[in-house]
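This report describes selected secondary-structure elements and backbone features of one protein structure. Please keep the sequence and the coordinates at hand while reading.

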Amino acid sequence: MLPTEVRETQLRESNSQKVHPQPMEESMNQNGEAIDALISRIFTNISSLKTAYIQLQAAHTPYDPDKIQVADKQVIAELKNLSELKHFYRENNPKPVCVSPQDSRLAAEIQEQQSLLKTYEVMVKKFQSEIQNKDSEINQLQHQIEEAMQKREKLEKNLKLRGLSTRDSGEQNGFFPVDLTPDLFISAVEAAYKAIHDFSKPLINMMKAAGWDLDAAAQSIEPSVVYAKRAHKKYAFESCICQRMFLGFQQESFTEKPEDLSVNRESFFHQYLALRELDPLDALGQNPDSNFGKFCRSKYLILIHPKMEASFFGNLDQRNYVMGGGHPRTPFYQAFLKLAKSIWLLHRLAHSFDPSVKVFQVNKGTEFSEVYMESVVKNLVPDESEQKPKAGLMVMPGFWIGGTVIQSRVYLTGMKVAD
């Protein structure tokens with residue numbers, strides 16, 4: 001039998017104990033379910049992180065900057081999700097004084113995942129550094145491409161000087177000689193005629209500005225030509241330009257000295273190819289005393305009379321500069337160089353053929369022939385006093401190339417404009 005004091009003590013301890021109701025157990029169950037859900041979310045997030053990491057690795061082979069950026073953003077997003085889960089757990093589950101074995105295992109799992117997370121963070125930083133290095137390499141390669149393009153342009157210019165041209169596609173590194181065909185010559189004839197027409201415009205404008213009497217000037221070039229319209233007198237100036245620029249065209253030497261002439265037809269063609277795509281002033285800057293340079297000097301001094309030049313510029317400085325071996329960069333001389341280049345190219349091309357292309361002229365008063373001539377004004381009809389149309393001015397000579405006739409271009413005299 002226990003002593004009285006001991007029984008009283010046991011009774012008091014028994015009365016001090018509390019009995020928890022059923023809802024407390026449900027709360028503990030709910031807390032366990034929350035932990036299980038959290039763990040499930042952590043494992044799902046880790047799986048997603050692994051997938052994103054694999055995609056990041058795959059984007060490096062082959063190197064694809066766009067895919068790398070997408071994968072990098074996905075890895076960072078998954079890392080942020082893990083960080084949010086960690087903070088959520090700490091806020092809702094403060095560290096207990098006594099940790100159960102189950103909580104210890106959970107803590108170990110979390111620590112393991114945190115270590116893995118740090119590993120991924122290190123890898124992400126590594127890949128970001130590699131991306132920056134790749135971007136730097138790309139910039140360097142782009143700079144090298146720009147330098148290569150500049151070198152290519154210089155190389156193409158040198159190849160053109162040697163009689164070669166480049167095309168976008170083809171064989172043997174893309175370099176082709178241009179084919180020598182009648183169509184090529186016909187296109188050169190068209191270019192020469194256009195150059196004569198184009199140069200006549202600034203010439204006439206400068207004559208007007210200098211106070212020249214254009215009617216009297218046209219009359220002095222070819223007297224007794226009857227023009228259907230006053231504006232047609234411009235063809236007198238085109239005819240004058242044509243006659244002087246084509247002087248000596250049939251000769252292989254043209255304006256060259258015999259000792260400067262290469263009679264090899266292939267050499268003629270290469271000279272054509274060398275100049276056809278170059279600016280004439282640039283070509284003369286590289287070699288002012290070339291055959292083309294001498295041709296330009298000779299033709300300028302023939303075409304532009306000293307009195308005409310003095311009326312244009314008030315002095316003969318430009319003429320003296322040309323006579324001294326130079327090629328001025330004035331707008332008027334540059335316009336002349338375009339004309340000179342077209343005639344020079346036509347001559348080089350004409351003597352590249354075997355046999356050479358033959359040139360023929362039409363004299364004033366020659367009866368019009370549709371076989372050998374073409375009227376530069378299409379809507380002219382014979383005047384009542386004229387029986388048959390006749391040539392008044394030749395503004396472009398004609399050519400025989402093989403069995404083909406390229407018509408001469410003429411202005412018909414004594415005609416009237418059709419109603």
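The text below treats two helices, then the strands, and then individual backbone features.

**Helices**

The model is predicted. Two of its helices can be set against the span expected at 1.5 Å a residue, as the table shows.

| Helix | Residues | Number of residues | Expected span | Span between end C-alpha atoms |
|---|---|---|---|---|
| H5 | 182-209 | 28 residues | 40 Å | 42 Å |
| H13 | 331-350 | 20 residues | 28 Å | 29 Å |

For H5, the distance from first to last C-alpha is close to the expected value. For H13, the two figures agree. Burial has also been computed for H13: 16 of its 20 residues are buried, so this helix is largely enclosed by the rest of the structure. Here, buried means under 20% relative accessible area.

**A sheet of three strands**

Strands E3, E7 and E8 form an open sheet, in that order, and their pairing is antiparallel. Strand E3 (358-360) and strand E8 (404-406) lie at the edges, each pairing on one side only. On average, neighbouring strands in this sheet are turned by 20° against each other, direction ignored.

Strand E7 covers residues 398-401 and is joined to E8 by three bridges, the two strands running antiparallel. Within this region, isoleucine 401 stands opposite threonine 404 of E8. Helix H5 lies across both E7 and E8, and its direction makes an angle of about 170° with E7.

**Strands E6 and E9**

A further antiparallel pairing links E6 with strand E9 (residues 408-413) through five bridges. Lysine 390 has threonine 413, in E9, as its bridge partner. Strand E6 spans residues 390-396, and six of its seven residues are buried, so E6 is largely enclosed by the rest of the structure.

**Backbone features**

Where does the cis peptide bond involving proline 355 occur in relation to H13 and E3? Proline 355 is located in the loop between these two elements. The cis bond joins aspartate 354 to proline 355, with omega at about 0°.

Positive phi values are found at two further positions discussed here. Glycine 211, just after H5, has a phi of about 85°. Serine 224 also takes a positive phi, about 65°, although it is not a glycine. Serine 224 is placed in the loop that lies between helix H6 (214-221) and helix H7 (234-245).

How values were computed. Residues are numbered from 1 along each chain as its sequence is written. This is a predicted model: local features need pLDDT of at least 70, side-chain atom pairs count only at pLDDT 80 or more; totals for chains, interfaces and linings use all residues. Side-chain values use heavy atoms; hydrogens and water are left out. Helices (H or I, at least four residues) and strands (E, at least two) are DSSP runs, numbered from the N terminus. The expected span of a helix is 1.5 Å times one less than its number of residues. Two strands pair if DSSP finds at least two bridges between them. Axes are lines fitted to C-alpha atoms, for helices over the stretch in contact, and angles run from 0 to 180 degrees between N-to-C directions. Contact means heavy atoms within 4.5 Å. Buried means under 20% relative accessible area, exposed over 50%, partly exposed in between (1.4 Å probe, protein chains only).
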